[in-house]
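I wanted a quick look through this one before going back to the bench. Here are my notes, in the order I looked things up.

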Amino acid sequence: MATCDVCGNEYWMAFEVRTVSGDVHTFDSFECAIQRLAPRCEHCDCRVIGHGVEVEGQFYCCAHCARMGSSGLGAQIRDTVGAHPS
């Protein structure tokens with residue numbers, strides 16, 4: 001049995017996540033994986049578990065937070081999957 005890196009639970013269905021940097025993490029649930037790996041919104045501090053918005057290297061959970069937290073981009077930020085601001 002593997003042990004979860006976050007909560008310490010030993011679980012026969014635990015899984016590994018390998019990151020681009022080569023780190024390997026073991027989790028017993030997606031909840032624990034999110035707690036360890038998901039970035040936090042720069043504005044409201046919630047976990048970004050969807051697509052989110054990245055502006056100048058900072059992550060936001062939505063366009064609203066990106067507009068509130070980023071400088072000078074305002075209306076250029078959209079909260080639409082697949083839309084590319086141009």
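The entries below cover salt bridges, a hairpin, one strand residue and the cysteines.

**Entry 1: what I am looking at.** This is a predicted model, so I am reading it as a prediction, with residues numbered from 1 along each chain.

**Entry 2: salt bridges.** How many salt bridges does a search of the whole structure find? I get two. One joins the side chains of Arg18 and Glu16, at 2.9 Å from N to O. I checked how open the partners are: Arg18 is exposed at 62% relative accessible area, while Glu16 is partly exposed at 49%. The other salt bridge links Asp45 to Arg40, and there the closest N and O atoms are 3.7 Å apart. I make that a salt bridge because the cut-off is 4 Å. Asp45 comes out partly exposed, with a relative accessible area of 43%, and Arg40 is partly exposed too, at 37%. A reminder to myself: side chains of opposite charge can pair when their charged atoms come close.

**Entry 3: the hairpin.** Next I looked up strand 3, residues 15–18, and strand 4, residues 24–27. They pair in the antiparallel sense, over four bridges. Which residue of strand 4 does Arg18 stand opposite? I find Val24 there. The two strands form a hairpin, with five residues between them. In the turn I noted Gly22, which has a positive phi of about 100°.

**Entry 4: Thr26.** I picked Thr26 from strand 4. Is Thr26 buried or exposed? It is buried, with a relative accessible area of 14%; I call it that because the limit for buried is under 20%. Leaving aside residues up to four places away in sequence, Thr26 touches Ala2, Thr3, Cys4 and Asp5, and also Ala14, Phe15 and Glu16. Glu16 is also the salt-bridge partner of Arg18.

**Entry 5: cysteines.** How many disulfides does a search of the whole structure find? My search came back with zero. Cys44 is in no disulfide, and its nearest cysteine sulfur, that of Cys46, sits 3.4 Å away. That pair does not count because the sulfur atoms would have to be within 2.5 Å. Cys44 is partly exposed, at 40% relative accessible area. Cys65 is in no disulfide either; the nearest cysteine sulfur belongs to Cys61, 3.8 Å away. I have Cys65 down as buried, at 5% relative accessibility.

Note on methods: Predicted model: local features only at pLDDT ≥ 70, side-chain atom pairs only at ≥ 80, totals over all residues. Heavy atoms only, no water. Buried < 20%, exposed > 50% of the residue type's maximum accessible area, 1.4 Å probe, protein only. Pairing = 2+ DSSP bridges. Contact = heavy atoms within 4.5 Å.
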